[in-house]
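Work through the exercises below with the sequence and the structure side by side. Try each task before reading the solution that follows it.

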Amino acid sequence: MKNLDWLKTVVLAVAIVIAGYFVGNMHRAGKKYDRYVQVKGLSEREVNADLAVWPMTISLTGNDLSTLRQDIEAQNKQVVQFFKEQGFKEEELTRGTINVTDARANIYNNNAQYSQYRYLANIEITVRTTDIPRLQKALAESSELISDGVLLGSKNSWRPIEYMFTKLNDLKPEMVEEATKNAREVAEKFARDSKAKVGEIRVARQGLFSINDRDQNTPQIKLVRVVSTIDFQLED
């Protein structure tokens, strides 16, 4: 009976030792896993816009709707012909709606009845193209239309042409790789100061890609940017 009690005691003691070993080992492993550094990696690219959209309006005034309609059709054809002569294709030109307002029907303007012209017509035409240089040339030469009596204006006066970059997916893999490499370089500098080594990636968070104008004067040149946040494991 005493031998049995002694055996139980030995087994219990061994179990406690083994359990203590595993608990201590797990604690050390947990502490080791908690040693990490969080850094940010940046990747930037300057790219040329590959798509441009120029929404514009033609404005006309008149007192007779029939005559105004004829003028609308004539100037519409004149503008379309101008862009075709500049080398644009029919599918790059979109004719929008025609909006006609009656100044005398405006009950909020008491002086409308004294207006020289009763009707105001606005015609929308949009050029959408991937040929950026051709569009910029057409913008510079569009004053010819004004000289011919066509009151041509941009729908967005603060930014006549909208430039876009549509090939972001082609850049993503390379930029993510560069951001990760940049983050590791930062982590290695930190690790050297703390007398440690950079191990594997613990957690990686890819930031959102942003596409902005490089500056206000060259909207056709875009700055693509991404910032990744990465946690690197630190090792002795």
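## Exercise 1: the largest pocket

Task: Find which residues lie nearest the centre of the largest pocket, and sort its lining by class.

Solution. The structure is a predicted model, and in it the largest pocket is lined by 13 residues, of which R159, P160, I161, Q216 and P219 lie nearest the centre. Sorting the lining by class gives six nonpolar, four polar and three charged residues. As a last step, the space in this pocket comes to about 200 Å³.

## Exercise 2: the overall plan

Task: State how many helices and strands the protein has, and in what order the elements run.

Solution. Counting the elements gives five helices and nine strands. Read from the N terminus on, their order is α-β-β-α-β-β-α-α-β-β-α-β-β-β. The protein has 236 residues, and 30% of them count as buried. Turning to contacts with a separation of 6 or more, one finds that 79% of them are between residues 24 or more positions apart.

## Exercise 3: the faces of strand 4

Task: Decide which side chains of strand 4 point to the buried face, and then find the strands that pair with strand 4.

Solution. Begin with the general rule that, in a regular strand, side chains alternate between the two faces of the sheet. Strand 4 (119–129) shows this alternation, with Y119, A121, I123, I125, V127 and T129 pointing to one face and buried, while L120, N122, E124, T126 and R128 point to the other face and are not buried. Next, look for partners: strand 2 pairs with strand 4 in the antiparallel sense over 11 bridges, and strand 3 also pairs with strand 4 in the antiparallel sense, over eight bridges. Individual residues can then be matched across these pairings, since T57 has E124 as its bridge partner in strand 4, and T101 stands opposite L120 in strand 4.

## Exercise 4: V127 and its surroundings

Task: Determine whether V127 is buried or exposed, and list what V127 is in contact with.

Solution. V127 is placed in strand 4. Its relative accessibility is 0%, and because buried means under 20%, V127 counts as buried. Leaving aside neighbours within four places in sequence, V127 is in contact with A52, V53, W54, M56, F83, F88, E92, L93 and L135. Among these, W54 is 73 residues away along the chain, yet the C-alpha atoms of V127 and W54 are separated by 5.1 Å.

## Exercise 5: the two sides of helix 3

Task: Explain why the buried residues of helix 3 are on the same side of it, and find what they pack against.

Solution. In helix 3 (residues 132–141), the buried residues include I132, L135 and A138. These residues cover an arc of only 125 degrees around the axis, and therefore they are on the same side of helix 3. The general background is that an α-helix has 3.6 residues a turn, so residues three or four places apart point the same way. On the face turned away from the buried side, helix 3 carries the exposed residues P133 and A140. The buried residues themselves pack against strand 2 (51–62), helix 2 (65–85), strand 4 (119–129) and strand 6 (162–164).

## Exercise 6: T57, Q75 and R104

Task: Classify T57, Q75 and R104 as buried, partly exposed or exposed, and find which residues T57 and Q75 touch.

Solution. T57 lies in strand 2 and is buried, with a relative accessible area of 18%. Not counting residues up to four places away in sequence, T57 touches I123, E124, L151, L152, G153 and K155. Q75 is found in helix 2 and counts as buried, at 13% relative accessibility. With neighbours within four places in sequence left aside, Q75 is in contact with I58, L60, G149, V150 and L151; the C-alpha atoms of Q75 and L151, which are 76 residues apart along the chain, are separated by 9.2 Å. R104, finally, lies in the loop between strand 3 (93–102) and strand 4 and is partly exposed, with a relative accessible area of 45%. R104 and Y117 are 13 residues apart in sequence, and from C-alpha to C-alpha they are 9.3 Å apart in space.

How values were computed. Residues numbered from 1 in each chain as written. Predicted model: local features only at pLDDT ≥ 70, side-chain atom pairs only at ≥ 80, totals over all residues. Heavy atoms only, no water. 1 Å grid on protein atoms, 1.4 Å probe; cavity = no way out; pocket = protein on both sides within 12 Å on 5 of 7 lines; lining within 4 Å. Points joined across faces, edges and corners; volume = space filled by probe spheres on them. Nonpolar A, V, L, I, M, F, W, Y, C, P; charged D, E, K, R; others polar. Buried < 20%, exposed > 50% of the residue type's maximum accessible area, 1.4 Å probe, protein only. Helix = DSSP H or I, 4+ residues; strand = E, 2+ residues; numbered from the N terminus. Arc of directions from axis to C-beta. Contact = heavy atoms within 4.5 Å. Pairing = 2+ DSSP bridges.
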